[in-house]
Amino acid sequence: MTTTTTTPAVTAVPTRGREGPRPRGRAALFILPAAALLLVFFFYPIATIVWRSFTEPHAGLGNYTALLHDGVSVKVLVRTLVTALIVAVSTLLIAYPYAYAMTKVGARARGVLTVIVLLPFWTSLMARNFAWYMLEQRGGPIERFLGAIGFDGVVLLGTVAGVALAMVQVMLPFMVLPLYSGMEGIDRRLLDAAGSLGAPRWRAFARVYVPLSVPGMLSGFSLVFIMTLGFYITPALLGSPQQSLISQVIGDRVSRLLDFGGAGALGSVLLTVTLLVLFAVSRFAGSSRALGKAVGND
Amino acid sequence: MSPTKDDGGRGIRIRGVSKIYSGTARPAVDDVSLDIAQGEFMTLLGPSGSGKTTMLSMLAGFASVTAGSIEIDGREVSRLKPHKRDLGVVFQQYALFPHLSVAKNVAFPLQQRRMAKADIAAKVAEALELVHLGDFADRLPGQLSGGQQQRVALARAVVYQPRALLMDEPLGALDRRLRDQLQREIARMHRELGMTFIFVTHDQHEALTLSDRIAVFNDGRIEQCGTPAELYERPETLFVAQFLGESTGFRGTVDRAAGVLRCGPHALRAPLLEPALDGADGVVVVRPERLELHVEAGRVAAGHNRVGATVTEIVYVGDRHQVGLRFDDGATGTATHPVGPPLPAMPGEAVTVSWDPRHQAVVADPTGSSVPSPAVEVTADA
Amino acid sequence: MTEPPRDRIKGGKEGGLGWGLRTAVALTGLLLIAPTVVVIPMSFSGADTFEFPPKTWSLRWYRSFFGSEKWMYALLTSLQIGLLVAVVATVLGVAVALGLTRSRFRGLGTVRALLMAPMIMPGIVVAVAIYGVFIRWQLNGTAVGFVVAHTVLALPFVVTAVSTSLSGYDRTMDVAAATLGATAWTTFFRITVPLVAPGVLSGFAFAFVTSLDEVVVALFLQTPDIQTLPVQMYNSITLEIDPTIAAASSLMVVVTTLVLLVPQLVRRERRTR
């Protein structure tokens, strides 16, 4: 899997009020070919799948009421949400000390830590999942290691825990990078100030540093949560059909049953959850951006 | 050296404190000893890199002490963590907690001291009143101007009545008008609170205006410590003379027996010479306002030192004129002349420069050149 | 002055990392590295199973990979699709980046967000949706279908990479060039293109790797006639348990790393020149 962080790179057109060619409306035409492509091959298909969830096989909310009553879908949805939550929380807990260490070490060590955290980006998705398959399989290194420290017979392959472990690894960059960039902006003298005002080191950290890193935590957390909801390959390879996540159920409905209506209903639920999280975050980000600005001013 | 009030061991005693940062050979602070009396306004003055901020950091506990001891009110604190020292610190960049409102910032130290909620509210209101920011309690620091933020920082640092208030260039980030205003507020707070203030700055005007005493730092050591008047009128080293105010210096060799400094063709009268200076290279330092200019050499008062010079320029700076001088030997210097009385000479004209030896200081010449160069210009670099 | 400047009070730098933090960082580093590290030795295993660490060593899985018509065909398919996707996505993405940075209109922010949507939408929903319409349009199992679908997914990466280099581009340079007598076209090719080239190159690399590595959409669009390498790898774990995947994985890791490294190296080269 290869991707960059989704922080918007272009935020402002830098030409306003400056000498230079005035931005012309004509430049907007450059967007049209790509927009047309996305419209036809991305937005239209998604609109179609949502539409089909209301029309196939019969018009109405049949697919959605079926989800509520088939005894599986709700369970799968809850399991997916819980898994995403566990993955996001674990990733946050693992990433926080790592990102914090990145702000404290010298430039060279920081470079090494950055390369290491970006490794999951650079490693092919199938290769990575294959590696976890080997590590988690019966008789594999993880089972032997756990056996050696007294936990016999723990096989992660085929369990939600095994899936979550692989997800955490690949999601770490999405948590570490926003956390790090947030922490970078925190003035360490604030900890000194808190110390001089009577707060012991740990309380200064909890009362001052942690609250100021909340915007970074929030953007990392939401990103990881959303992306974890949509994982397909990892649960398919490392999980089990008995404990499937929503993506697998959607995939199975289409590939085995050609049930586009039912798959569309589940897909629409997944889309809605994703958009709701994005919306909530963007609302919250507004207020935390004001804070970030204040931090930046300092 | 320090005003010795009998206050039962209160105040701050710094004894032989040094600081060597790892990876550096030279100490940032080198064997500094200083007594600061309870209620005193002490300024640590010096150029950047002179060790004054490091000294403050060691007082506050942000930097460890390599050697020596620090006692606050009779208690050795040099190994204590910052939060156990009970000192207030104001930082140049304010260091307000950006996620907490003004009131919560000020309440922070009181909460750390487990004070009751009602008491906290009262104390916070009182402290904000002290800095005239009562109406801003609910704002976030980011919504305040720099001057207002620094006033919040002051309120936060004094609200719990610490044993002393340490300030690290608190006015450094502000523009000039705000600096003057806040300077007056700091002076007023010092009067009203009666608290010990320790103020770090590189700005000689701030130091002269605010302080009871000033310790001038250079290369990690204290060059001289005294009242502003002592430092200005009786600098003990060339560095102090240079760093505090403007001055003109005449370089030469001290002849203690004759009571003069031999400086080329001149023999400048220098009574009350330190024995250590005898035969050494020395500098006679005179402040510009002590220099008198005469067109006729005969007008010079008896017993005053005199040197011939040419006026090079006259600059009107509002409250006075600055008169640029080139002395006979080619060196330059500055005198001042009040606005109002007629100017004694115009640029290009020859004058005799004179001054009363009682208003000069003679200091050792650290450059120690054996070839006497009669006059050197000595100006503050700040 | 030889003393390091220590003007302002600085905090927290004395001491460095405690042992607790060091341990946490080391364990996290291990978690991050582990999967990549195990893939390469596994590919040199002499055994018929996925046993790790291997007890015997051989090149048999590389021989099997390069000797197998099925694997080689999958590899070739992936490379062809990847290159086409990279070209198309780069052209479209550069145009989008130029449009986004050089124009202003109502709803610009919305347009930008919509163009980034493929990056954040759940992959399975996109895959099923595209599959649904491609069946009707008879595009599944066709090279065009793969290229189009992967281009959609790769586009945001190109736009991000190019926009980043464009946003650092000072448009007064265009004016400067114009005052020096350059025409708009000369300015574009002599000034804009060289400055933006590194961003375009990394956009190209990202697009190529995105397509090369994509599995979810490819799984749905595959037919027995046309399968990409990741799909073949997926099938070799789920259907066949074929250790050739170890060799394929190693190759993928090496190839994607190299492709993504090239723009970085070019950039560094230009900076030090």
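**Figure 1. Contact between chain A and chain C in the predicted model.** Chain A contributes 81 residues to this contact, and chain C contributes 83 residues. On the side of chain A that touches chain C, helix 1 (residues 32-55) of chain A gives the most, with twelve residues. By residue class, this side of chain A comprises 54 nonpolar, 19 polar and eight charged residues.

**Figure 2. Contact between chain A and chain B.** Here 20 residues of chain A meet 21 residues of chain B. Three elements of chain A, namely helix 8 (189-196), helix 9 (201-212) and helix 13 (260-297), give two or more residues each to the side that touches chain B. Of the elements on this side, helix 8 of chain A gives the most, with six residues. The residues of chain A that face chain B in this contact divide into eleven nonpolar, four polar and five charged.

**Figure 3. Secondary structure of chain A.** Chain A holds 13 helices and zero strands. Its pattern, followed along the sequence, is accordingly written α-α-α-α-α-α-α-α-α-α-α-α-α. Helix 1 (residues 32-55) is the element that gives the most to the side touching chain C, and helix 8 holds that position on the side touching chain B.

**Figure 4. Burial and contact separation within chain A.** Chain A has 298 residues, of which 48% count as buried. Among the contacts in chain A with a separation of 6 or more, 75% join residues that are 24 or more positions apart in the sequence.

Note on methods
Residues are numbered from 1 along each chain as its sequence is written. Chains are lettered from A and ligands numbered from 1 in the order in which they are written. This is a predicted model: local features need pLDDT of at least 70, side-chain atom pairs count only at pLDDT 80 or more; totals for chains, interfaces and linings use all residues. Two residues are in contact if their C-beta atoms, placed from the backbone, lie within 7 Å. Helices (H or I, at least four residues) and strands (E, at least two) are DSSP runs, numbered from the N terminus. Ala, Val, Leu, Ile, Met, Phe, Trp, Tyr, Cys and Pro count as nonpolar, Asp, Glu, Lys and Arg as charged, and the others, Gly among them, as polar. A residue is buried if 20 or more other C-beta atoms lie within 10 Å of its own, exposed if 12 or fewer, and partly exposed in between; C-beta atoms are placed from the backbone.
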